[in-house]
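Let's take a walk through a protein together with the molecule bound to it. Keep the picture open while you read, and find each residue as it comes up.

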Amino acid sequence: MVRSKIAGIGKYLPCNVFTNNDLTKVMDTSDEWIRERTGIEERRYATKHKETTTTLGAKASLQAIERAGIAKEDVDFIIFATLSPDYYFPGSGVLLQRELGITSTSIGALDIRNQCSGFIYALSVADQFIKSGMYKNVLVVGAEMHSMGLDFSTKGRGVSVIFGDGAGAVIMQPTNEDKGVLSTKLHSDGTYAEKLAFINPGSHGGYHKKYTNDDIDYGFPKDGLGEIFITPKMLEDDLVYPQMEGQFVFKLAVQKFPEVIQETLEDANLTKGDIDLLVPHQANLRIASFVQKKLGLEDHQVFNNIQKYGNTTAASIPIALCEAWEQGHVKEGNLVSLAAFGSGFTWGAALIRW
Ligand code: COA
């Protein structure tokens with residue numbers, strides 16, 4: 001039976017470290033508040049005007065390619081997950097292809113827009129492509145440059161202190177050995193789409209109010225063709241930043257993480273006692289400890305690095321998995337569980353025999 005396996009893994013974190021105390025210089029917050037509520041101590045921000053989401057992704061990709069022992073020309077499909085792309089379009093997949101200098105046009109490039117669960121979705125898509133025999137070296141990337149799109153004033157502190165920049169990547173290949181991806185499960189529920197969202201710019205023209213019952217006036221012209229995406233009013237009123245109902249997200253996350261992990265275990269005829277290492281999406285240390293308790297895992301069985309990098313959304317799982325592997329926490333034969341929950345809402349998990 002053909003399965004997909006992770007043949008190489010890489011990560012890249014920009015060198016600029018911003019501690020919680022650094023953030024107190026630009027907004028009303030405190031190291032104590034951020035640590036207590038999220039576990040975050042510091043995060044990385046990319047170098048403005050020099051780095052982009054694509055360049056971060058490219059650095060992680062090159063490491064994954066090298067560790068897989070292949071040449072970049074061997075990559076036959078790219079899947080790029082991000083919520084902070086360089087451009088509105090085209091997506092980051094083709095930009096990464098160009099950045100890596102892959103000139104072959106026989107490869108495909110796909111963009112995934114599933115925010116915090118983007119990497120799990122991307123991994124699952126790669127898994128299906130490999131199992132079907134369509135591709136042999138799929139480059140799966142999660143990369144984010146949040147620092148260019150957050151509100152660093154006190155008004156935006158509930159969101160901006162949480163997120164950081166970074167990238168992680170894996171090369172997925174087919175294997176006939178008794179290892180690799182055992183199961184992936186994906187879920188979505190669009191009912192609460194605006195509870196964690198970045199809605200401007202967009203084509204809604206205010207139409208989404210129907211669903212949210214908010215009374216925000218975006219200053220869109222009432223009729224006429226060619227309406228503009230970003231209105232002066234949006235800029236004046238700071239309506240061009242991500243919005244999040246933190247507690248709502250928190251409550252659903254702690255419920256969905258354990259459920260979807262359990263689903264992958266059942267699919268593979270395994271139990272939570274079989275897990276060697278859980279690498280949860282790094283959303284919040286409190287969410288991770290809740291999931292840990294629910295699954296009855298010891299501290300050494302859960303890998304967290306949100307303390308150093310914050311929430312890097314689609315990049316958080318490949319960065320954490322890479323770091324866990326580099327530090328020797330992931331060994332041959334280990335059962336590794338990956339899980340994420342985020343905007344959409346979308347959530348998912350993957351179970352891998354390393
Ligand atoms: N520094 C200081 N105070 C802050 C702050 C900050 N960075 N951000 C918010 N506050 C204040 C609020 O203004 C509020 O003040 P008030 O009581 O005077 O009105 C108070 O802290 C509590 O805010 P609240 O939003 O209720 O805090 P919380 O305990 O829910 O923690 C989160 C906020 C965002 C850390 C938490 O809800 C969370 O982690 N949710 C999950 C989010 C997540 O994981 N998102 C990623 C996608 S999976």
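## A look around the ligand and beyond

What you see here is a predicted model. Let's begin at the ligand: a backbone N or O atom of glycine 246 sits 3.0 Å from one of the ligand's nitrogen atoms. How much of the ligand does the protein bury? On its own the ligand exposes 960 Å², and the protein buries 72% of that.

Which elements give two or more residues to the shell around the ligand? They are α2 (31-38), α6 (157-160) and α9 (246-267). Helix α9 gives the most, with four residues.

Two side chains also reach towards oxygen atoms of the ligand. Arginine 37 has a polar side-chain atom 2.5 Å from one such oxygen. For asparagine 284, an N or O atom of the side chain lies 2.5 Å from a ligand oxygen. In total, 20 residues surround the ligand, and the nearest are Thr29, Arg37, Gly246, Gln247 and Asn284. Sorted by class, the shell holds 11 nonpolar, seven polar and two charged residues.

Now zoom out. The domain assignment splits the protein chain into domain 1 (3-177), domain 2 (181-195 + 243-353) and domain 3 (199-240). Why does the ligand lie between domain 1 and domain 2? Because both of these domains give residues to the shell around it. As for domain 3, its centre and that of domain 2 are 35 Å apart, taken over C-alpha atoms.

Next, have a look at strand β7 (residues 166-175). Nine of its 10 residues are buried, so you'll find it mostly covered. Strand β1 (residues 3-12) runs antiparallel to β7, and nine bridges join the two. In this pairing, lysine 11 stands opposite glycine 168 of β7. Strand β6 (residues 138-144) is also an antiparallel partner of β7, with seven bridges. There, valine 138 faces methionine 172 in β7.

Some spots in the backbone are a bit unusual. Most residues other than glycine have a negative phi, and most peptide bonds are trans. Here are four places that go the other way:

| Where | Feature | Value |
|---|---|---|
| Asparagine 200 and proline 201 | cis peptide bond | omega about 5° |
| Glycine 344 and phenylalanine 345 | cis peptide bond | omega about -10° |
| Aspartate 238 | positive phi | about 55° |
| Threonine 313 | positive phi | near 50° |

You'll find proline 201 in the loop between β9 (196-197) and α7 (209-212), while phenylalanine 345 belongs to the loop between β12 (335-342) and β13 (346-353). Aspartate 238 is in the loop between α8 and β10 (243-244), and threonine 313 is in the one between α11 (306-309) and α12 (316-326).

Are these last two buried or exposed? Threonine 313 has a relative accessible area of 1%, so it counts as buried, the cut-off being under 20%. Aspartate 238, at 27%, is partly exposed.

Let's finish with two residues in helices. Proline 232 is in helix α8 (residues 232-236), and it is exposed because its relative accessible area of 53% is over the 50% limit. From proline 232 to glycine 39 it's 193 residues in sequence and 37 Å in space, C-alpha to C-alpha. Serine 289 lies in helix α10 (residues 285-295) and is partly exposed, at 30% relative accessibility. Its C-alpha atom is 9.6 Å from that of asparagine 304, which is 15 residues away along the chain.

Key. Residues are numbered from 1 along each chain as its sequence is written. This is a predicted model: local features need pLDDT of at least 70, side-chain atom pairs count only at pLDDT 80 or more; totals for chains, interfaces and linings use all residues. Side-chain values use heavy atoms; hydrogens and water are left out. A residue is near a molecule or strand if one of its heavy atoms lies within 4 Å of it. A polar contact is a pair of N or O atoms within 3.5 Å; within protein, one must be able to donate a hydrogen and the other to accept it, and residues adjacent in sequence count only if both atoms are side-chain atoms. Accessible areas come from the Shrake-Rupley method with a 1.4 Å probe; for residues, only the protein chains shown count as cover. Ala, Val, Leu, Ile, Met, Phe, Trp, Tyr, Cys and Pro count as nonpolar, Asp, Glu, Lys and Arg as charged, and the others, Gly among them, as polar. Domain bounds come from an automatic or database domain assignment. Buried means under 20% relative accessible area, exposed over 50%, partly exposed in between (1.4 Å probe, protein chains only). Two strands pair if DSSP finds at least two bridges between them.
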